[in-house]
Amino acid sequence: MKETIPVFILGSGRSGTFQMVKLLDNIDGIQAHHEYLFENILKPAVLYRMDVVNAEKIKEVLSQTHVPAVHYSQAGFWLDSSNALPWIVKPLYELFPNARFNHLLRDGRKVVSSFYHK
């Protein structure tokens, strides 16, 4: 049985994470998601970033969302991109030591302009 490799695209809002998913989801062997189960991840990720909850709480949430998704994926690569992922990189890595991480950076002036003109 082939092991699925999780890939996490990290970036702020308006940095191109959605475009990366649209591009990569068209490639055979890649199952790509933008903000996978974001409603479940955002609040605990923010609380973790603020040191209100510990890494075990984040791992508990990820064990109910991302772990099964990766485990049951038939693709060689399972991908998620989200602006909440940078806040929980350490717990992600601890749960997925074989994961790949890609951090997208964009000129802050262009991010602000993109928010203003969207």
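**Exercise 1.** Determine which parts of the chain are linked by the salt bridges of helix H3.

*Solution.* Lys57 and Glu60 both belong to helix H3, 3 residues apart, about one turn of the helix. Helices are DSSP runs of H or I with at least four residues, numbered from the N terminus. This is a predicted model, in which local features need pLDDT of at least 70, side-chain atom pairs count only at pLDDT 80 or more, and totals for chains, interfaces and linings use all residues. Residues are numbered from 1 along each chain as its sequence is written, and side-chain values use heavy atoms, leaving out hydrogens and water.

Step 1. A salt bridge requires a side-chain nitrogen of Lys or Arg within 4 Å of a carboxyl oxygen of Asp or Glu. Lys57 and Glu60 form such a pair at 3.7 Å, N to O.

Step 2. Glu56 forms a salt bridge with Lys59, with the closest N and O atoms 3.5 Å apart.

Step 3. Lys59 also forms a salt bridge with Glu94, where the closest N and O atoms are 2.6 Å apart. Lys59 lies in helix H3 and Glu94 in helix H5 (residues 89–95), so the pair ties together parts that are 35 residues apart in sequence. Shared partners join Glu56, Lys59 and Glu94 into one network.

**Exercise 2.** Classify Lys59 and Glu94 as buried, partly exposed or exposed.

*Solution.* Buried means under 20% relative accessible area, exposed over 50%, and partly exposed in between (1.4 Å probe, protein chains only).

Step 1. Lys59 has a relative accessible area of 16%, so this residue is buried.

Step 2. Glu94 has 38% relative accessibility and therefore counts as partly exposed.

Methods. Helices (H or I, at least four residues) and strands (E, at least two) are DSSP runs, numbered from the N terminus.
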